[in-house]
Structure formats: structure tokens, C-alpha cells
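Work through the exercises below with the sequence and the 3D view at hand. Each task is followed by a solution in steps.

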Amino acid sequence: MSAVTDLAVERRYRAASAVRRRTNFVLFLGPAIALTFLFFVIPVLIDIAVSFTDLDRTLRISKFTTEQYQKVFRGDSRLPQVIGLTVVYVFGTLAIFNVTFGLVLALTTTSLNKVSGGFFRGVWLLPRMSPSVLYILLWLWVINPSDVGLLNQFLMPALGLARPLDLMTSAPVALIIIANGFIGASLGMIIFTAAIRGIPEHLFYAAEVDGAGTLAKIRFITLPALRWPISFVTIYQTLSLLVSFEYILLLTKGGPFYDTTVFALYVYRRAFTSGQYGYGAALALFLIVIGAAAALLGWRFFDFKRLLQHPRIEVH
Amino acid sequence: MAAPLTFNGIHSSPTAPVDWDRMAARARSMRRSKAVALYAFLIAVSLPIILPYFWLVTIAFSARTGVADTVVLWRSVAVLAPAVIAFWLAAVLARNRRQLWLGLTAIALAATAAFAWLVGPDLHLRNFIFLVEPDFASVVRSRVGAVHGAIQFPSVWRAFGNSLLIAGSQTIVVLTVASLAAYYLSRFQFPARAAMLRSLLILHAFPVLTLIVPMFLMLYWIGLLDTLFGVICVLVAFELPFAIFIMKGFFDAVPWDIEMSALTDGASRRQAFLLVVLPQVRNGLLAVAVFTFIRGWEEYIFVFTFLIRNTNWTMSLYMYYVRDDVMGVDYGVVSAVGVFYLVPSLILYVAAQRYLMQMSIGGVKG
């Protein structure tokens, strides 16, 4: 008799536990899964679908074709120039600012005392902390092609120019590289600073005793310790430079003509300025694939085992 | 103290003792010149950043005419640069605390007096006219005689409210959804947990800007284009993977014992989460909240693409159109709007700077 009731109680308990398990899953993870599915998975599917249509300014689909992809691989004569510019822009910014200059900033500020180093790092974080519209507004004023522009007030007397310099038309690519680089340098700076702080102090003392100078210490102690942070910054910043076009759109609008239109901005201009949504979707698909690939590559930088650490409570 | 072998490979003759004092002096001067070179380099590379921001502030509080003047900027620099150098010298030279305070006070007084004399007469608040006058653009234009403008501006408080609404509701939703999901991922065992964590890792690095074209079409088809609600949904979804990632880190750091004793005392898992674990991750919640809010406050590209009507403008769009419309006419108003827009995000950043390190890693800014 009692064994039967025990069994019934246990069965009821099991059933209740299973129900609770399911409701907990829906309650805790449901909203996140739904939002992710709605705004990550479905847009990718829409993008793939739309890239096989002739969707244009009218926002109506009249037929399904592969003409967008024919255009990508054959028809678009502007594309080679855009891709070339993208390569120059991404690797130029990365090599000059995000990695090299970020490293220089980290090395110099960590060799000062804490307060001064923090001050200069704070200054270099300012562009990242200010809203993009405002940051670019300041650039527009600085390079203003008249004698009130801040840059021209310095350069005209220094270089003995008769007429004010107009960087927007004479050196637009350099301009977008510098404007993005000022922001990009700070990420490298922060990550490298943290890494340098983590190097055990006694290594430097030992090197000093062995007669190492400043450069030798950097070459043989600091740089080897920064191998992983440098590759992390390189991969992440390559990705973000490749897909972001906000600052370029605000600064030069991709002009003059198509001179500063990088690939991501080209997608944007094709879709939203010329209204060729189908073509834009086809071009965007390449970016999505590259983005997903780079995100997969980013795996290596996280300790997945630690992320996966197993829960220790079995109650639901 | 005679050393048979000295530094730098100099083998001194055993009779002449090494001049330790001279070597020490040389090392000191070496170190000092190195420090000076470092400071000079850092000041030189930081000036291109400091000067424009400083310029923005001076124009906002002093510009009168149409053009962007640099007179006030140079005058304030002429006051501030010597003051900063004097502060630094005082800090280095002062022998004790009393001397230091005396020196600092004297310098501060002198700098304030010089500032009041050189710059004071130029300062005014008239550029902040946009705060009270919705149609400030026509007022500004009438000052210089130009009449027509292309853009109808809403009241700045409307844009301010929209930005606050977007950033605020985004923060609340992200915080709720992310802490629920992060807690479950951190503390519960379920099938597909590893797969889910893997996809979280990928999503957290995935560049959402690539989805802007399909997202626009999707919002158009479900009728949410040009609505604040649509923009909030998109921004929430895009912030989510990063927020979950960060929150999971914070939950992982909470000791299991706390939860176990809560369960032993008869709490359910849900109660343990709400009443025991959640208070433990207050720092994480705060960090995620501040950063989500800033991201919403600064957002430009998605609101620029998805919002059209001027009653839906956020602060970033307001700033953008003010720049477009009255830029050539009045720099003063443009920079006043800029200061008004910049200050809230700067305050939040400074307040949350402790968390900047771990949070900025997932950012998408180039």
C-alpha cells in the first residue's frame, strides 16, 4: 500500500519537476532566443531571399532572378575600385593606428606615473566616448578649407601656403584613415595597457641587471608578451573596420564621387541612396559571410572550457 | 668600493677610483631627459584631440558672429597652458603639503583673474537659444539676413525625450532579458547548452551593421519603419548577445554556496535567482545598464536609416540636421547643441570608467 503511494508521489514529483524544468527554460531563455531568432536569423534569411529578387525603389518584388549576382561578378565596373579602396583603408588604418599607434600609446603611457599615464589615456579615449555625429563635426571644423579652420591656421604659416588646404578634396582617403584611426587607436591602447600591466615586474629588473636598455626590454620582454593581445586586436579591428562606415558616411558621404566609398558604405549607398535593395542585399551577403567567419575565428581568444563550466545544482 | 669591473665596459685603472657621483648624476640626467621626451611626445600627439574639444566649448559659450572664431580659443589657451605648467611645477617643487596648497591656490587665483579679464567679457549663453526656442533656426538666420532654411526643427526637448525613451527602454529590456538568459546559461544544465554558448560567442562578435539592409526591409514589411518602437526592438536585439556574455561572466563569479544555502532554506530556483543571486551581481547590472544606455544615446546609423519624421528625431539626428542647416550661418548654436549632446554621455562614461576595460572589447566602433 505505502509502496504504491510512494511510487505515485515520486511519479507526481517527477512530472512536476519536468514541467518546472520546461517553464524555467521558457521563462529564462525564451525572450532572448525569440529576439535573437527574430533579429539575427530572420534578417539573414531575408537577405538571402532578397538577393535573388529585383527589389528596387518601389519595394515590390516582381520576379526572382540571379541577375544581382551576375552584376556582382561581371557587370559592376565600380566594384574593383571599391574593393581596392577597402583594402587600403582597412590595412592602412590597422597598421598605422589601431595596432602600431595603440602600441606606442600603451608603451609610453605605462612608463609614466599612474596619474599622468591615466590622463593621456583618458584624452585618447575622448573620441571613442563622444557621439559619432559630434566627433565628425569637430573634424569638419578642424579641416575647414578656409583660414578659420584649425588645421589651416597651423599649416598655412608653417608650410607657407597661399591658399587654405582642402583635405576633403585633396586627400580624402588619408582623412578617413586618420579620423577612424583616432578612435581605433584607443582600443589597442586599452588592451595592450592591461597586458603590459600583467607582465611580472621581476623580468624587467632581471633584464636591467643584464644590461638591457629600454628598447631591448621592449623588444625581448614586452612584445613577446603582447603576441596574443596583438593578434586579438588585429582580428577584431579588421572585422570592425571592414563593416563599419558610420564615420565615413558622416565625414565625406563617400565622396568626392566614389573616392572614399569603402565596401560597407557601397552596400549602404546602393541600397538606400540608389534604392537597389536587391543588389544591396547581394553585396551585403558577402559581408555577412566574412563577418560570421571572423566571428568564428574570434573563438580562439576565449576560454571555452571556462565558459562551459558545469552547473553544480541539479534542482530545477 | 673599488670595483674591478665597471659598467659600460669601462675597465678603470686600479689606481683611479670610479667617480660614482658623476655616474649617478649622468644616470639621473639620462632618466630626466627620457621623461621629458616622453611627456613632450604624448603632449604633442594629444593636442590634436584636446584642442578641437576645447574649441567646441569656447565657441559654444562665446561665438557671436557667423564664422567660427579662434580668438577666444587662443586667449583661453594662453591662460590655461601656463596655469597647467605652473600647477605641475608647484606639485614638483613644493617641499611640504602647506607649500603645495599655498602654491596651488595662488596659481588658481591668478588663472581665474586672467581668465576673467581676457575671456570673461566674451562669454554669454545666447547660443543656447535652441533650448527655449523651437524655431531657433529662423531666429539665427534673421541675425545674418538669410531667411530660408530647408529644415523644420522640432523642439530640442522632443529629440531629447526620444533619445531618452530609446536609450532608457532599451536599457530596461536588455537588462531584464540578458540577466534572465545569462543566469540560466550560467547555472542550469540542459541539452544543447554547449551549442547555445557557442552560438552566443559567435553572435557576440558578429557585426550587426551588415544586417542593415534586410532589417530595413523587415521593418518596412511589418509596418514598424519610422516608429520608435521598431528602432528600440532592433537596438535591443543587437545589444543582447554582448550583454548576455558580460552578465554570464558576472554570474559565473557568484559562489555556489550562496545559492545552495538559499535552496536548503526552502527557496525555489526562481526565488534564489531574484532574492539571492541578483543582488550579488549589482556591479554587472550597473555596468551593462550604463553601457547600453550610452549606446542608445549615441546611436546614429540605425536611427538615421529607420526614422524619417522629424517628430521621431533623436538627439543624434537633431545634431546632424542642425549641423547641416545652420552650420554656415552660426557656429555658436551648432556647438551649443554639441555641448548639450556630449555632456550626458561624458558624465556616464566617467562614472562607469572602471568597467570600460572589459566592456569595450565587444564594441563595434572602428
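**Exercise 1. Describe how helix α4 (residues 114–129) of chain A packs on helix α8 (residues 172–197) of chain A.**

Step 1. Helices (H or I, at least four residues) and strands (E, at least two) are DSSP runs, numbered from the N terminus. The model is predicted: local features need pLDDT of at least 70 and side-chain atom pairs count only at pLDDT 80 or more, while totals for chains, interfaces and linings use all residues. Residues are numbered from 1 along each chain as its sequence is written, and chains are lettered from A and ligands numbered from 1 in the order in which they are written.

Step 2. Take the geometry. The angle between α4 and α8 of chain A is about 135°, and their axes are 8 Å apart. Axes are lines fitted to C-alpha atoms, for helices over the stretch in contact, and angles run from 0 to 180 degrees between N-to-C directions.

Step 3. Classify the angle. Angles under 35 degrees count as roughly parallel, over 145 as roughly antiparallel, 65 to 115 as roughly perpendicular and the rest as oblique. α4(A) and α8(A) are therefore oblique to each other. Their crossing is left-handed (the near helix is turned anticlockwise from the far one by less than a right angle; clockwise would be right-handed).

Step 4. List the contacts (C-beta atoms, placed from the backbone, within 7 Å). From α4(A) come A:Arg121, A:Trp124, A:Leu125, A:Pro127 and A:Arg128; they meet A:Phe182, A:Ile183, A:Ala185, A:Ser186, A:Met189 and A:Thr193 in α8(A). By class, the residues of this contact are seven nonpolar, two polar and two charged. Ala, Val, Leu, Ile, Met, Phe, Trp, Tyr, Cys and Pro count as nonpolar, Asp, Glu, Lys and Arg as charged, and the others, Gly among them, as polar.

**Exercise 2. Apply the same steps to helix α13 (residues 263–273) and helix α14 (residues 277–297) of chain A.**

Step 1. These helices pack at an angle of about 160°, with axes 8 Å apart. That makes α13(A) roughly antiparallel to α14(A). The crossing of α13(A) and α14(A) is left-handed.

Step 2. On the α13(A) side the contact uses A:Ala264, A:Tyr266, A:Val267, A:Arg270 and A:Ala271, and on the α14(A) side A:Tyr277, A:Tyr279, A:Gly280, A:Leu283, A:Ala284 and A:Leu287. Nine of the contact residues are nonpolar, one is polar and one is charged.

**Exercise 3. Is α13(A) largely enclosed or, like α9(A), largely in the open?**

Step 1. A residue is buried if 20 or more other C-beta atoms lie within 10 Å of its own, exposed if 12 or fewer, and partly exposed in between.

Step 2. Eight of the 11 residues of α13(A) are buried, so this helix is largely enclosed by the rest of the structure. Among the buried residues are A:Phe263, A:Leu265 and A:Tyr268. The buried set packs against α3 (79–110), α11 (227–243), α12 (246–251) and α14 of chain A, together with α7 (212–221) of chain B.

Step 3. In helix α9 (residues 201–209) of chain A, zero of the nine residues are buried, so this helix lies largely in the open.

Step 4. Look past the helix ends. A:Gly275 follows α13(A) and has a positive phi near 75°, and A:Gly211 follows α9(A) with a positive phi near 90°.

**Exercise 4. Where is A:Lys253, and where is B:Asp226?**

Step 1. Most residues other than glycine have a negative phi. A:Lys253 is not a glycine, yet its phi is positive, about 55°. B:Asp226, also not a glycine, has a positive phi of about 60°.

Step 2. A:Lys253 sits in the loop between α12 and α13 of chain A; with 13 C-beta neighbours inside 10 Å, A:Lys253 counts as partly exposed. B:Asp226 sits in the loop between α7 and α8 of chain B; with 15 such neighbours, B:Asp226 counts as partly exposed.

**Exercise 5. How many residues does each chain give to the contact between chain B and chain A?**

Step 1. Chain B gives 72 residues and chain A gives 81.

Step 2. On the chain B side, the largest share, 11 residues, comes from helix α1 (residues 20–62) of chain B. That side has 55 nonpolar, 10 polar and seven charged residues.

Step 3. For background, chain B has 15 helices and zero strands, and 37% of its 366 residues count as buried.

Note on methods: Contact = placed C-beta atoms within 7 Å.
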